[in-house]
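Q: Please pick a single part of this structure and look at it closely. Then carry the account outward to the rest of the chain.

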Amino acid sequence: MRFASNRDRRMTSYRTQQGHTLLVVMVTGMLITALALNYMAREIAAAKHHRIHRTAMQAIQEASAQLEIAKNIINASKSTSKGEVTVLVDNADQPTPIASTNVYVRSIAGAEGWYELSSVVDAQGVSKTVKTLVDGTKTYAEFFAFTNTVPLGVYGDPGESFPGDLHSNAQVVVNSPGVTFEGDVTASQGIELNAAAGVNELNTTFQGVREGEAPEKALPSVADFRQIVDQNYYVERDYQAAIEIVGTQVKITKLQAAGDGTYNVISDLTLSLPSNGIIFVENDILSLKGRLDGRLSIVSEGYVNITDNLVYTDSEGNHAFIQYADDTEFLQASACVTECEASIEAAHKATVAAQADYDAALATYQASLEPVDSDPIFLEAQPVDSTNLNKWTTDAIVIEAEPVDTDVLEVQPVDTITDTQRTSLRSAVLIASEELAAAQAAETSAQETFAAAQEGLDAVLANTGETQYIENPTYKGDSVMGVMALKDIFFTGDVRSAFELNAVLYSQGGDILFEGLRYSIDPNTSTITDIYIDKEFSKESISGAGAFTADGMIATKVGDYGFQKGTLMFDPRLNLRAPPSFPGLAHPEYSAWEVVR
């Protein structure tokens, strides 16, 4: 136990207060120092971050600048005659640099003609990569609709979407409210929303690029195809043509005008699809129809009449696109039509085979009626010595020998074909003829059965109402068709009431119209002034998957004429695989660039 006086207690209290004050001063100093150090650290970090950000931006700017240089090099290297880009290489595994740039090219596997450009720049230790996608062989098949001299008018139902790109070197006019454009919409003379039809910004959706002052895109000439076509698939200017596609074969009928409105058949050939995929007709194609299992471009320097369905099928007869409705009667009728189409194709192949057998048997028999086709035997007579042999003398008779003919003597070969053999060959011709007639009758019967089934489907469609046109999940093919004409492409009155079209249509100097539609255009404003009908054309529906490019108008319905309903959709496969040698744009097209790291 310890006791202290009052003075001792006061001294202790004073010393304690001094200690507390010193402690407060020290703690305060430490706090100020910490705050100062923290502030300095933040400033240093901010400065470093700003420097890194500035360096990164410089790297991005430099990378994007290199990308623009590479684009200019690519554009300058474009070969418009072949549609190739010389600096774009087909190498997906090993990116290739473009000379004098930091840009590397890599082809995209499974996407024909598409490439990735990657620009890599290292600035003061900061590396940035900027990339863009380039369609090195963008063709007119990748436009869902394209017009050159006439405005492109767009009509649709509320809520309808338009896939694929639209372009007009004139105007694009949206005439229906509530539609959505999934692809790019571009025009050289503006994009108009038809206010009189109730179209405005609020009820029209543009999901892709919308550009009303886009550069014009010139239409290439179809004449270029003349240089690459195989002679067997070439029809000269003196003739017209009728073409029917049957799976992997094509029937080309060469016709010549008789002068009375009819045509004489000059030749009628059934061939396999051309190896380069091109059929070229210097004149008009009077009829085009069929079912394609393969890749094909049909080119005409005249006009083209589409007279029946043009559809894609696979080796099993499955269509690439089908009508669908949740209706039992419709599904049954549709299945019947598909089966009948397969029967027609099988019957046609049997007819072609029977025709070949008959032609071979007939040629063998005809050859047996002619002399044996072998080299004749020639004997050459030698001249006689007239000094020794021209006279024989007896007592009263002088015999003068005739001069020997020194011409070559020909001895004909002996016929080695017996009458029995000829009779056998003749019997083979008769049998082949009967088999050919039976095959032709079977094909005619299959066509009649198909026509009846199609009429039944048309009747069901008329009562079913709206159907959907969709991709067929059972389709296993990869067909694509281009139809190119210097002049108009017409849907004639011969097409069936429920018409189906799978193709890319390209009219370099004309229109794509239903037969009988005509119009006038103001040359100063490029606007349509008058539309009139000189032949009645009214069909139930059109269903199609493909694309349309025309110098002039594209029209499937005007008022009460044309196809009264239906669905036209863009075939998305066209972005990756166009018809053979289809016309391409003058320059590649690029996506917006993006920083990937």
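A: Contact means heavy atoms within 4.5 Å. By that rule, and leaving out residues up to four places away in sequence, Gly277 touches Arg295, Leu296, Ser297 and Pro580. Residues are numbered from 1 along each chain as written, and side-chain values use heavy atoms, without hydrogens or water. This is a predicted model: local features need pLDDT of at least 70 and side-chain atom pairs 80 or more, while totals for chains, interfaces and linings use all residues.

Start with the setting of Gly277. It sits in the loop between β20 (263-272) and β21 (278-281); helices (H or I, at least four residues) and strands (E, at least two) are DSSP runs, numbered from the N terminus. Gly277 has a relative accessible area of 2%, so it is buried (buried is under 20%, exposed over 50%, partly exposed in between; 1.4 Å probe, protein chains only). Gly294 lies 17 residues from Gly277 in sequence. In space, the C-alpha atoms of Gly277 and Gly294 are 8.7 Å apart. So much for the loop end of β20.

Now step into strand β20 itself. Asp268 lies in this strand. Asp268 forms a salt bridge with Lys251 (a side-chain nitrogen of Lys or Arg within 4 Å of a carboxyl oxygen of Asp or Glu). The closest N and O atoms of the Lys251 and Asp268 pair are 3.9 Å apart. Lys251 belongs to strand β19 (residues 249-257), so the bridge ties together parts that are 17 residues apart in sequence. Neither partner is buried. Lys251 is partly exposed because its relative accessibility is 27%. Asp268 is also partly exposed, because its value is 43%.

The count comes to nine salt bridges by this rule. Side chains of opposite charge can pair when their charged atoms come close. Among the nine is the bridge between Lys476 and Glu316, at 3.6 Å from N to O. This pair links distant parts of the chain, 160 residues apart. Lys476 is in the loop between β30 (468-471) and β31 (480-485). Glu316 is in the loop between β24 (304-312) and β25 (321-324). Both side-chain partners, Lys476 and Glu316, are exposed. Another bridge joins Glu201 to Arg210, with the closest N and O atoms 2.9 Å apart. Arg210 counts as partly exposed because its relative accessible area is 37%.

Strand β24 also brings a buried polar residue into view. Asn305 lies in this strand. Its relative accessibility is 14%, so it counts as buried. A polar atom of the Asn305 side chain lies 3.4 Å from the backbone oxygen of Leu286. Beyond four places in sequence, Asn305 touches Ile285, Leu286, Ser287 and Leu288. Phe490 and Thr492 are contacts of Asn305 as well. Leu286 thus turns up on both lists for Asn305: as a contact and as the residue whose backbone oxygen faces the side chain.

A second loop residue can be set beside Gly277. Thr139 lies between β6 (126-135) and β7 (143-147), in the loop. Its relative accessible area is 6%, so Thr139 is buried. A polar atom of its side chain lies 3.1 Å from the backbone nitrogen of Ala141. Past four places in sequence, Thr139 touches Ala578, Phe582, Pro583, Gly584 and Leu585. Recall that Gly277 reaches Pro580.

Last, the whole protein. Its secondary structure comes to four helices and 41 strands. There are 597 residues, and buried residues make up 41% of them. Of the contacts with a separation of 6 or more, 60% are between residues 24 or more positions apart.

Confidence varies along the chain. The mean pLDDT (the predictor's confidence in each residue, from 0 to 100) is 78, and 71% of residues reach 70 or more. Over residues 1-7 pLDDT stays under 50, and the model has one contact for them beyond four places in sequence. Residues 386-401 also have pLDDT below 50, and that stretch has twelve contacts in the model beyond near neighbours in sequence.

Note on methods
A polar contact is a pair of N or O atoms within 3.5 Å; within protein, one must be able to donate a hydrogen and the other to accept it, and residues adjacent in sequence count only if both atoms are side-chain atoms.
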